[in-house]
Amino acid sequence: MRVLAPFVSAGNMVNLRGVAQGRQAVAHLRACRRCRDRAMQGAGHQILKRAMRAAMANIVQFENVGLRYGSGQETLSDVSFTLSTGAFYFLTGASGAGKTSLLKLLYLSQRPTRGSIKLFGEDAVTLPRARLPGFRRRIGVVFQDFRLVPHLSAYDNIALPLRVSGVPESDVEAPVREMLAWVGLSDRVEAKPPTLSGGEQQRVAIARAVIGRPEILVADEPTGNVDPDMAERLLHLFDSLNRLGTTVVVATHDFHLLGRIQNAHMMRLDKGRLLDPTGSLRFPPPNAPSGNPE
Amino acid sequence: MSVAMIASAADRRLLDESRGTRAMTWIMAIMLFLTVLAGALGLGTLSAAVLLDRQLAGRLTVQIVEAVEAKRTNQTALALAALRASPEVTRAVEVDHAKLAMLLRPWLGTDGADPDLPIPAMIDVDLGVASDAAVARVSAAVRVAAPSARIDRHESWMSPVRDFMAMVTWLAAALVLLMAAATAAVVILAARAGLETHRDTIEVLHMLGSTDVQVARLFQRRIAIDTLLGGVIGTVIAIGVIALVGLQLAALGSDLLAGLSLGARDWMILGGLPVAFAVLATLAARQAVLTALGRYL
């Protein structure tokens with residue numbers, strides 16, 4: 001059973017030449033109920049569980065969260081918002097606004113100085129350290145600087161989440177090869193990150209983030225190192241994952257990307273404060289200036 | 001989650017191991033070389049001490065110190081009879097007078113052979129049971145038969161040698177323990193340095209949901225291999241040195257030094273040292289990594 005079958009048709013778009021063709025592929029994915037049915041069968045209980053969780057409105061809840069590094073000023077102040085299960089969010093803000101810090105709290109790389117964070121219905125602030133790995137396996141992260149393991153091949157980098165989760169080696173190869181095909185790197189299986197271009201590294205990082213079928217995907221400036229054409233293609237990969245039920249949070253500077261995802265919510269950070277605490281704004285926000293929201 | 005001590009083949013690629021033989025291997029080779037030498041010294045002196053104990057434990061010398069030759073001869077005969085009648089005694093033989101004269105020649109010169117010189121008669125005695133009680137019973141029997149008799153236990157005049165051997169054995173054991181402690185310390189430092197070197201990879205692994213035990217397993221395996229490889233190299237060289245020293249000792253032909261030999265059990269213990277050190281290093285690495293990772297989020 002090809003558990004990643006729904007991705008493959010979307011993945012084909014990476015190999016296609018133009019964004020328009022990519023859009024067609026996404027449209028095809030949306031229309032292809034048969035693909036979805038296969039996904040439902042392939043992922044089995046995982047997707048069924050996810051659909052049930054979808055009934056649970058909020059997958060993430062921040063309340064009055066503050067974060068301070070050392071004894072300096074607060075990097076994040078009084079941040080409160082909720083993320084709905086299965087929704088797509090953009091997080092915008094100028095450099096130094098606190099986007100990366102907020103994402104770090106989201107993917108449990110950092111604990112807040114104050115406030116409360118609920119993740120998957122549990123208090124993430126007081127979560128015992130021993131339980132963090134279980135939570136982290138439910139979150140896919142695309143780091144701003146990719147954080148690929150330089151001496152591992154593209155294949156091994158993508159396989160990492162499965163191996164960390166204890167998936168038997170015999171069950172690793174097929175999904176990894178599917179992911180490589182999905183991101184258009186089938187011919188770069190053995191390439192090490194230093195030999196990959198920025199865009200290729202980005203795609204490996206994305207494949208690694210989504211191979212474990214995370215419930216939340218967090219991407220920090222995922223299009224910052226690629227050309228606009230590739231940026232749009234990558235965004236469509238996130239979109240196709242979102243359509244399968246994953247909550248997606250993308251931090252970006254790229255104003256042009258914001259309008260590309262239908263029904264995406266937007267959160268804006270300014271000097272560590274969330275300007276849109278409800279996260280319910282659609283792009284373009286009604287009170288946004290006509291230019292770049294940064 | 002598996003808690004196996006050794007990582008899987010895929011896990012082995014996680015830490016960059018393409019740098020060939022590492023300094024750790026050679027440090028471990030030196031550690032094990034010194035440890036095996038110390039161990040061999042300890043085991044050798046232990047077996048020599050055991051042999052010495054066995055040889056001296058049941059041995060006595062009875063001297064009949066009597067100036068009048070007739071009385072000396074009479075008391076010697078009575079003492080011999082009493083000794084041979086004693087159930088504890090397995091052998092009682094008078095030392096030949098000519099042999100005694102020869103032993104005394106370095107001190108007395110040719111006068112030692114003078115029949116008028118009152119040289120004590122001596123009886124060499126072996127006991128079946130070397131207990132203090134048996135020695136006391138035999139001594140009492142001899143003194144009844146020969147009031148001029150003096151009884152020396154060989155054990156008592158060789159005790160300084162025995163004490164020295166015991167000290168060397170303990171010293172060697174302490175050296176082995178010190179080397180083990182030093183090995184553990186080196187491993188802890190190496191593990192901490194390794195954590196620092198691979199900090200980025202470890203952070204990525206943590207973010208992907210890796211547990212501390214999974215990360216520790218990577219280091220355990222690597223350090224266990226380094227220790228085992230270095231240990232085998234050091235042990236093989238040390239065994240060669242020990243064999244060479246053994247040949248030199250054998251060529252000396254000394255009864256005392258001949259006891260400094262290693263038996264099959266001793267060789268097995270020495271051969272097991274690299275494995276024991278590899279296990280020790282593995283556990284030390286595991287503990288060091290888990291403690292250090294506890295400070296990460």
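**Notebook: helix packing, chain contact and selected residues**

I looked first at a helix pair in chain B and noted that α2(B) passes α10(B) in a right-handed crossing. The model is a predicted one, and I read every entry below with that in mind.

**Entry 1. The α2(B)–α10(B) pair**

I took helix α2 of chain B as residues 23-57 and helix α10 of chain B as residues 264-293. Their axes come within 10 Å and cross at roughly 150°. An angle over 145 degrees counts as roughly antiparallel, and α2(B) and α10(B) are therefore roughly antiparallel to each other.

I then listed the residues that meet. On the α2(B) side I found B:L32, B:T35, B:V36, B:G39, B:A40, B:L43 and B:S47. Their partners in α10(B) are B:D266, B:I269, B:L270, B:L273, B:P274 and B:F277. By class, I recorded 9 nonpolar, 3 polar and 1 charged for the residues of this contact.

**Entry 2. B:L51**

I next examined B:L51, which is also placed in helix α2 of chain B. I counted 17 C-beta neighbours inside 10 Å for B:L51, so this residue is classed as partly exposed. I also checked its separation from B:L260: the two are 209 residues apart in sequence, yet C-alpha to C-alpha they are 9.1 Å apart in space.

**Entry 3. Record annotation for chain B**

I consulted UniProt, where an unreviewed entry lists residues 164-191, 227-247 and 267-285 of chain B under "transmembrane region". I compared two of these spans with the model. Residues 164-191 of chain B are 100% helix and 0% strand, with end C-alpha atoms 40 Å apart. For residues 227-247 of chain B I again noted 100% helix and 0% strand, and here the end C-alpha atoms lie 30 Å apart.

**Entry 4. Contact between the chains**

I counted 19 residues of chain B in contact with 20 residues of chain A. On the chain B side, α1 (9-12) and α7 (199-207) each supply at least two residues. I noted that α7(B) gives the most to this side, with 5 residues. The residues of chain B that touch chain A divide into 8 nonpolar, 7 polar and 4 charged.

**Entry 5. Positive phi in chain A**

I looked up two residues of chain A other than glycine that have a positive phi. A:D78 has a phi of about 50° and lies in strand β2 (residues 74-84) of chain A. I found 16 other C-beta atoms within 10 Å of A:D78, and the residue is therefore partly exposed.

For A:E221 I recorded a phi near 45°. A:E221 lies in the loop between β7 (216-220) and α10 (228-243) of chain A. With 21 other C-beta atoms within 10 Å, A:E221 is buried.

**Entry 6. A:L152**

I closed with A:L152, which I located in the loop between β6 (139-142) and α7 (154-164) of chain A. I counted 20 C-beta neighbours inside 10 Å; the threshold for a buried residue is 20 or more, so A:L152 counts as buried. I also took the separation between the C-alpha atoms of A:L152 and A:G272, which is 36 Å for a pair 120 residues apart along the chain.

Notes:
Residues are numbered from 1 along each chain as its sequence is written. Chains are lettered from A and ligands numbered from 1 in the order in which they are written. This is a predicted model: local features need pLDDT of at least 70, side-chain atom pairs count only at pLDDT 80 or more; totals for chains, interfaces and linings use all residues. Axes are lines fitted to C-alpha atoms, for helices over the stretch in contact, and angles run from 0 to 180 degrees between N-to-C directions. Helices (H or I, at least four residues) and strands (E, at least two) are DSSP runs, numbered from the N terminus. Angles under 35 degrees count as roughly parallel, over 145 as roughly antiparallel, 65 to 115 as roughly perpendicular and the rest as oblique. A crossing is left-handed if the near helix is turned anticlockwise from the far one by less than a right angle, and right-handed if clockwise. Two residues are in contact if their C-beta atoms, placed from the backbone, lie within 7 Å. Ala, Val, Leu, Ile, Met, Phe, Trp, Tyr, Cys and Pro count as nonpolar, Asp, Glu, Lys and Arg as charged, and the others, Gly among them, as polar. A residue is buried if 20 or more other C-beta atoms lie within 10 Å of its own, exposed if 12 or fewer, and partly exposed in between; C-beta atoms are placed from the backbone. UniProt positions are given in the numbering used here, feature names are shortened, and annotations may be inferred rather than shown by experiment.
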